[in-house]
Each structure stands twice: as C-alpha cells, then as structure tokens.
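Work through the exercises below with the sequence and the structure side by side, and try each task before you read its solution.

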Amino acid sequence: MSKIIGLTGGIGSGKTAVALYMKSLGIPVYIADEEAKKLMASQEMEQEVVKELGPAILSDGHIDKKKLAQVVFNDSNKLQRLNSIVHPKVKQHFDQWVQNHHNHPWVVKETAILFESGSYADCDLIITITAPVDLRIQRVISRDNTTKEQVLQRIQNQWTDEQRIAKSDYTISNISVKETEEQVNKILNLLKNQ
C-alpha cells in the first residue's frame with residue numbers, strides 16, 4: 001500500500017507547482033481542487049449543490065465558479081455546507097485513486113484545506129508550502145484575474161501558515177523555483193532513506 005504525502009499551503013503559495021514538480025519525478029499526484037471540480041460537474045452533484053445553495057450560483061443552467069466563490073467566500077456557513085457535500089465525494093474518489101496507485105511507495109494529495117477538511121488524518125506525512133503573503137496575493141491576482149480584496153478574503157477563510165506548520169512534518173518556502181525544487185529533492189531523498 002502506498003504511503004500518502006499530504007501537500008498543503010494557503011492560496012497562492014505554489015502547492016500545485018510543487019505537486020507538478022513531484023509528478024515530473026514519477027510520483028503519482030492527486031490535485032483535490034481539480035478532482036472536486038470534475039466531480040461537481042456531474043449532474044447529480046450539481047443538483048445537490050444548487051439545492052443547498054440556491055439558483056443564484058447558476059449561469060446557463062450550470063454552476064458558475066465565480067458566482068459560487070462569491071457566495072461561499074462571503075458566508076462561512078454556506079462554505080461549510082458546500083464542503084459537507086463535496087468533501088465526502090472527493091474522499092471516496094481519492095481512496096479509489098490510491099487503490100489504483102498501490103504499487104507506488106508514495107503518492108501525493110495536494111489540497112489547500114488538508115487540515116480544515118480533516119483529510120490530514122489519512123496522510124502518513126504532511127508538507128506545507130509557504131510564501132510571503134504579498135507574493136501569494138500577486139500570484140493569485142495574475143492567475144485568477146481577481147482583486148486583492150477577494151484574495152485576502154480567501155486567505156482569511158483558510159488556516160494560517162503558522163497553524164499548518166505546527167501540524168506538518170516538513171515546510172517548503174516557495175519563493176524561487178530552483179530553491180523550491182532543491183527543498184523538494186532533499187525531502188524526497190530523506191523519505192527514500194527511511
């Protein structure tokens with residue numbers, strides 16, 4: 001059975017970049033956000049979400065990601081309700097994915113809300129990715145074509161770096177690509193020698 005590396009960090013920290021680097025090294029990577037979006041696109045789940053959060057999140061009969069984000073990031077109760085629908089289905093999907101990759105010594109689960117969702121409990125090891133808040137904001141604004149206020153709102157809905165680091169086995173400071181890759185390699189070498 002594969003051991004699970006939980007890979008987490010706040011929005012804009014560069015979790016996905018680190019996950020993709022690990023994938024390039026041959027480690028299977030599960031990017032929870034992407035898988036959740038695919039699962040949410042199913043008719044069954046879409047209906048469940050609309051039933052719970054109302055038709056204001058729809059455009060052309062389907063969930064509009066920007067409208068959904070506006071609704072849930074402005075109301076922590078609605079964010080919790082959305083998570084109560086999405087997380088169990090993502091967990092079930094991830095468990096099946098791990099079974100499909102059982103022949104690998106390590107697999108990676110990349111998710112921003114590893115601790116908030118409780119899925120950290122399924123991990124054998126946790127790595128937190130950090131970056132200065134200003135850099136994170138800059139990355140998200142350019143990536144998502146959003147505003148500083150919207151990014152700060154999302155940051156406030158997530159755990160702080162300090163909270164994540166306190167529960168993690170390793171921390172990677174993601175400021176430059178070269179230094180980040182060196183930190184990843186160092187951790188992976190330690191894991192190979194365990």
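Before starting, note that contact, or packing of one part against another, means heavy atoms within 4.5 Å, and that a residue is called buried when its relative accessible area is under 20% and exposed when that area is over 50%. Keep in mind as well that this is a predicted model.

**Exercise 1. Describe helix 5: its length, its bend and its surroundings.**

Step 1. Helix 5 covers residues 76-100, and over its 25 residues it reaches 35 Å from the first C-alpha to the last, which is close to the 36 Å expected at 1.5 Å a residue.

Step 2. Along the way helix 5 bends by about 30°, and the residue at which this happens is asparagine 83.

Step 3. The buried residues of helix 5 are Leu79, Leu82, Ile85, Val86, Val90, Phe94, Trp97 and Val98. An α-helix has 3.6 residues a turn, so residues three or four places apart point the same way.

Step 4. These buried residues pack against several other elements, namely strand 1 (3-9), strand 2 (29-31), helix 2, helix 3 (43-53), helix 4 (65-73) and strand 5 (106-110).

**Exercise 2. Work out how helix 2 and helix 4 are each oriented towards helix 5.**

Step 1. For helix 2 (residues 32-40), the axis comes within 10 Å of the axis of helix 5, and the two cross at roughly 105°. Angles of 65 to 115 degrees count as roughly perpendicular, so helix 2 is roughly perpendicular to helix 5.

Step 2. On the side of helix 2, the residues that meet helix 5 are Ala32, Glu35, Ala36, Leu39 and Met40, while helix 5 contributes Leu82, Val86, Lys89, Val90 and His93. Sorted by class, this contact has seven nonpolar, one polar and two charged residues.

Step 3. For helix 4, the packing angle with helix 5 is about 120° and the axes are 6 Å apart, and therefore helix 4 and helix 5 are oblique to each other.

Step 4. Here Leu68, Val71, Val72 and Phe73 of helix 4 make the contact with Ser76, Lys78, Leu79 and Leu82 of helix 5. By class, the contact of helix 4 with helix 5 has six nonpolar, one polar and one charged residues.

**Exercise 3. Is glutamate 35 buried or exposed, and which residues does glutamate 35 contact beyond its neighbours within four places in sequence?**

Step 1. Glutamate 35 lies in helix 2, and because its relative accessible area is 16%, glutamate 35 is buried.

Step 2. Once the neighbours within four places in sequence are left aside, glutamate 35 is in contact with Tyr30 and His93.

**Exercise 4. Find the setting of aspartate 60, asparagine 145 and lysine 186.**

Step 1. Aspartate 60 is not a glycine, yet it has a positive phi of about 55°. Its place is the loop between strand 3 (58-59) and strand 4 (62-63), where aspartate 60 is exposed, with a relative accessible area of 80%.

Step 2. Asparagine 145, again not a glycine, has a positive phi of about 50°. Asparagine 145 sits in the loop between helix 6 (133-144) and helix 7 (148-156), and its relative accessible area of 65% makes asparagine 145 exposed.

Step 3. Lysine 186 belongs to helix 9 (residues 177-192) and is exposed, with a relative accessible area of 59%. Its C-alpha atom is separated by 27 Å from that of isoleucine 137, a residue 49 residues apart from lysine 186 along the chain.

How values were computed: Residues numbered from 1 in each chain as written. Predicted model: local features only at pLDDT ≥ 70, side-chain atom pairs only at ≥ 80, totals over all residues. Heavy atoms only, no water. Axes fitted to C-alpha atoms, helices over the stretch in contact; angles between N-to-C directions. Helix = DSSP H or I, 4+ residues; strand = E, 2+ residues; numbered from the N terminus. Parallel < 35°, antiparallel > 145°, perpendicular 65-115°, else oblique. Nonpolar A, V, L, I, M, F, W, Y, C, P; charged D, E, K, R; others polar. Buried < 20%, exposed > 50% of the residue type's maximum accessible area, 1.4 Å probe, protein only. Expected span 1.5 Å × (residues − 1). Bend = angle between axes of the 7 residues up to and from the residue.
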